[in-house]
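Please open the model in your viewer and keep the selection panel at hand. The tour moves from one selection to the next.

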Amino acid sequence: MNNENALFNMRHTASHVMSYAIKMLRPDVKMGVGPATEMGFYQDYDFGQTPLSVDDFKAIEKKMRWIVNKDFALQKREISVAEAKELFAGDPFKMALIEGIEKKGEACTLYDFVDGEGNARYTDLCAGPHVASTGQIGTFKLMKVAGAYWRGDENEPMLTRVYGGTFADADGLAAHLHMLEEAAKRDHRKLGKELDLYTTSDLIGSGLPLFTPRGTVVRDAIQDEIMKLQYAHGYRRVAIPHICKKDLYETSGHWQKYKDDLFHVHGKGDTEFVMKPMNCPHHTQIYASQMRSYRDLPIRYCEVTACYRDEQPGELLGLSRVRALTQDDGHVFCRMGQIKDEAAKIIDIARAFHTKTGMWAEGNFEVYLSVRDPEKPEKYLGDSANWDIAEQLLEEVAAEAGLKVKREEGEAAFYGPKLDFQFADAIGRKWQLTTIQLDFVMPDRFDLTYINEAGEKERPVMIHRAIAGSLERFMAVLIEHYAGAFPAWMAPVQAVLLPVGQQHDAFTDDLQKQLMTAGVRAEIDVPTETLGKRIRASQKAKVPFSIIIGDTETGGGPLTVRRYGAQKDEQMTVEELISALA
RNA sequence: GCCACCGUAGCUCAGGGGUAGAGCACAUCCAUGGUAAGGAUGGGGUCGUGGGUUCAACUCCCACCGGUGGCUCCA
């Protein structure tokens with residue numbers, strides 16, 4: 001048995017130890033399932049009328065330690081389905097599991113916790129495997145309770161899921177708790193407040209973040225970078241209103257499926273409007289406003305614009321899941337033969353952008369090619385031959401860009417294949433940021449055409465693409481990636497000027513003007529507090545450069561500069577400082 | 001939406017059936033200071049909202065609003 005299996009068994013056994021402990025404290029509890037997880041284990045329970053809370057953990061852990069110290073042996077035995085049904089008659093979830101075993105025609109296995117005298121103290125239905133005795137489960141800790149549906153189905157009853165962690169020893173537990181603490185320190189919701197990047201208001205509503213001046217600098221820096229790269233690749237900016245008639249989505253085919261997730265708007269008349277949840281249908285209407293020639297293609301539109309989706313409150317999360325999200329959206333209308341070039345351009349933009357933001361250089365991303373499910377070709381709309389070509393082209397273009405791609409069969413949207421880039425944040429959560437999606441359907445729905453070389457109408461292919469995804473979510477990822485200490489080019493404040501005393505104010509004002517003229521975001525922290533306190537404040541605000549101005553500097557010496565997090569100062573001229581910030 | 005927990009000053013939090021506290025932040029004054037918290041004084045809260053129980057509710061109960069964690073792992 002290898003280490004991984006041993007660990008798995010240890011965790012699985014721990015879930016049974018917890019169940020025995022909970023059974024002692026709450027004899028009426030009904031049991032759901034309880035597997036091992038990456039960090040430990042969980043077990044689902046039905047506590048009936050008296051719910052369990054984290055306040056009960058102490059008592060449960062105490063019982064668990066008693067069970068561990070008794071070092072009960074785990075003994076496996078096999079019984080018939082009939083015997084099992086009799087034994088677990090009072091527990092509807094166990095009965096459901098036993099019926100499942102019966103259908104598969106297998107025998108039931110039990111595990112007994114056996115004491116020194118050979119008596120079974122606790123018995124549970126379980127396929128195993130387990131460690132030999134309860135003394136071997138290592139260091140454990142109950143972590144949290146959560147709701148979970150029986151069999152993961154929201155139509156089934158809600159059970160209480162108790163999570164625990166198991167570790168080889170106390171050091172392992174301490175390391176895990178430390179990791180959680182570190183992740184919590186980087187949480188963008190905490191840093192967003194501490195660094196004054198965004199806020200929310202009960203009067204405005206949940207999932208509707210407000211960006212402060214500091215946060216807006218970061219947003220604009222991201223947006224400007226994307227726009228600069230896109231412009232160089234032939235994209236042109238468009239602007240559209242944020243509401244439209246529902247007719248647009250009836251034509252696109254989104255209405256039936258998404259109307260409950262939209263914000264509906266009513267004006268004076270009977271016309272029904274909605275807040276736009278996406279931009280592609282709008283962009284098709286710009287394309288459709290003129291007769292297009294094959295010579296005009298590809299046509300590339302882009303914009304950074306807000307979309308509105310009525311997410312369920314429980315789905316909202318800081319900046320990561322919001323109800324008003326700002327997309328860096330873009331659409332390309334092109335011919336089949338141009339797909340490869342266009343996809344290559346988008347990959348170029350994504351590579352340049354994510355290299356600059358530091359996400360790409362870290363190499364912490366994966367690329368997925370979502371293609372049709374070969375078993376169910378009827379699920380997909382559009383010409384099958386075009387699908388074959390497009391899937392092939394995307395695969396080629398990714399390979400030529402040097403990307404390692406994971407092929408995901410059956411993950412394509414019904415309207416076309418796609419290439420997704422997933423980046424991992426500080427605590428390992430994966431976020432899809434860049435996406436390239438081909439669409440054979442929407443051009444059809446909106447009857448988009450161009451005139452080909454022979455003077456005939458032809459249907460363009462549409463490419464939907466985003467580089468950062470949504471600015472909100474991307475900011476959340478960046479805040480956590482940098483733990484709030486942004487690189488200078490996107491830092492809300494790039495330099496804080498700290499005059500030692502009031503006699504240095506005039507020099508400091510001049511320096512600020514000089515820096516601001518050079519495009520540096522420089523602020524002055526006036527000497528109403530001690531220098532030590534002001535340095536502390538600038539470091540806590542994670543400002544890239546703190547510049548100390550005293551007699552030495554006003555007397556003609558170089559600037560004294562402390563970089564964020566540095567222990568020592570550097571000497572640099574104004575010009576050197578400006579170029580360090582460029 | 002569902003389950004659990006939480007909601008007290010701008011922020012982080014303590015408290016508890018008899019109408020409230022700390023630290024930070026803020027303001028004023030003193031200190032004019034050279035590298036991660038100088039000192040003193042002061043302002044600031046219908047204890048999320050609405051209802052109920054009670055002589056009395058910020059505290060207990062209910063509903064609502066908001067926040068956090070979870071709702072993929074199959075005996």
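Which base atom of RNA strand B lies 3.0 Å from a backbone N or O atom of G147? In this predicted model, select G147 together with RNA strand B, and you will find that the partner of that backbone atom is a base oxygen.

Next, add T552 to the selection, where a polar backbone atom is 2.9 Å from a base oxygen of RNA strand B, and then P527, where a backbone N or O atom lies 3.4 Å from a base nitrogen of the strand. Now extend the view to the elements that give two or more residues to the surface near RNA strand B, among them β6 (139–149), α16 (531–540) and α17 (551–554).

With the whole surface selected, 52 residues are around RNA strand B, and of these I101, L125, R189, D551 and D569 come nearest. Coloured by residue class, this surface divides into 25 nonpolar, 16 polar and 11 charged residues. On the RNA side, 50% of the atoms of strand B within 4 Å of the protein belong to sugar or phosphate, while the rest belong to bases.

For the last stop, select helix α11 (residues 339–357) and helix α12 (residues 384–400), which pack at an angle of about 40° with their axes 9 Å apart, and α11 is therefore oblique to α12. The contact is made by I339, K340, A343, A344 and I347 of α11, and by L393, L394, E396, V397, A398 and E400 of α12; these residues divide into 8 nonpolar, no polar and 3 charged. Viewed as a pair, α11 passes α12 in a right-handed crossing.

How values were computed: Residues numbered from 1 in each chain as written. Chains lettered and ligands numbered in written order. Predicted model: local features only at pLDDT ≥ 70, side-chain atom pairs only at ≥ 80, totals over all residues. Heavy atoms only, no water. Axes fitted to C-alpha atoms, helices over the stretch in contact; angles between N-to-C directions. Helix = DSSP H or I, 4+ residues; strand = E, 2+ residues; numbered from the N terminus. Parallel < 35°, antiparallel > 145°, perpendicular 65-115°, else oblique. Left-handed = near helix turned anticlockwise from the far one by under 90°. Contact = heavy atoms within 4.5 Å. Nonpolar A, V, L, I, M, F, W, Y, C, P; charged D, E, K, R; others polar. Near = heavy atom within 4 Å. Polar contact = N/O pair within 3.5 Å; in protein donor to acceptor, adjacent residues only side chain to side chain.
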